Amino acid sequence: VETVFHAAFFTTPRRDAAYSHELESIGTLHLAAAAAAAGVRHLVLRSFTAVYGARGQNPNFLTEERRPDARSPLAWVRDKVEAEDHAFSFSRRYAGLGVTVLRFATLLGPGVHTFYTRIFSKRVVPVVLGYDPLVQFLHPDDALRAVDAALAKGPSGIVNVAPLGTMSLLTALHLSDKLTVAVPHVVAYPVAELWWGSGVGEAPGGFIDYARYLFVADGERARRELGFEARHTSRDALMAFLEY
């Protein structure tokens, strides 16, 4: 075995934080150790542009030089950042092991089942009053093409995998024919946390940041290093999901 593609990461936050940490962070540690011991030459990790964090000071397009949010209040983010760190740590210790981390934009399309698809499956969607961040939706066909390109290229470090273009969150909800309910952010955080704790919410309160601020990624390095460019726009991915 020369190449291992590691995709065992949760796309949806889980209430069992200890199990999530064991699978994603500790699991990646063991996998990287096993790959190094077996002489694997290329370890590819599936990651997420969400690890950059959603902040008001983010630029319009985040490049790979931007440090991920290792201090995120969300264990869902921290576990993935730790997993990336484990992979690169073993790559530095074992010269023969190269690493590629593919940070995918939000996946949306036919057959996709994630936290975001559950949101877009609802009739009424709460939004944060006064905020309308840009979002990116990656079609699954483009995601698979990026994996193929990474496997063919070999170790490439961190690479963003982004769709063509962006759209605003409210535009996406309008195209999806959703009813939106605007909630002040000072209310949204505690209410989301309360719902999450009671077992009825989709995500903990920290995810409200992703409904307030943008975290869109730049895809130039993927074009330059992997020869990959998405064929679908964010709108294409959204419409494909809605038709599905």
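What share of the contacts in the chain with a separation of 6 or more comes from residues 24 or more positions apart? In this predicted model, the share is 85%. In other words, 85% of those contacts pair up residues at least that far apart along the sequence.

As for the overall build, the chain has 9 helices and 10 strands. Its radius of gyration is 18 Å, close to the 18 Å that the globule rule gives for 244 residues, so the chain is as compact as a globular protein of that length. Put into a box along its principal axes, the set of C-alpha atoms takes up roughly 55 × 40 × 35 Å.

Now for the inside and the outside. Out of 244 residues, 50% count as buried. The accessible surface adds up to about 11,500 Å², and carbon and sulfur atoms hold 55% of that. Charges come in at 25 positive and 25 negative, and the mean positions of these two sets lie 2 Å apart.

Helix H9, which spans residues 234–243, gives a handy close-up. Its buried residues are Ser 234, Ala 237, Leu 238, Ala 240 and Phe 241. Looking down the axis of H9, these residues fall within an arc of 160°, so they line one face of the helix. The general idea is simple: an α-helix has 3.6 residues a turn, so residues three or four places apart point the same way. And what sits over the buried residues of H9? The cover includes helix H3 (115–120) and helix H5 (169–175), along with strands E6 (134–135), E7 (137–138) and E9 (167–168).

Notes
Residues are numbered from 1 along each chain as its sequence is written. This is a predicted model: local features need pLDDT of at least 70, side-chain atom pairs count only at pLDDT 80 or more; totals for chains, interfaces and linings use all residues. Side-chain values use heavy atoms; hydrogens and water are left out. Helices (H or I, at least four residues) and strands (E, at least two) are DSSP runs, numbered from the N terminus. The radius of gyration is taken over C-alpha atoms; the globule rule is 2.2 Å times the number of residues to the power 0.38. Buried means under 20% relative accessible area, exposed over 50%, partly exposed in between (1.4 Å probe, protein chains only). Contact means heavy atoms within 4.5 Å. Accessible areas come from the Shrake-Rupley method with a 1.4 Å probe; for residues, only the protein chains shown count as cover. Lys and Arg count as positive and Asp and Glu as negative; His and the chain ends are not counted. The place of a charge is taken as NZ of Lys, CZ of Arg, CG of Asp or CD of Glu. The arc is that of the directions from the helix axis to the C-beta atoms.
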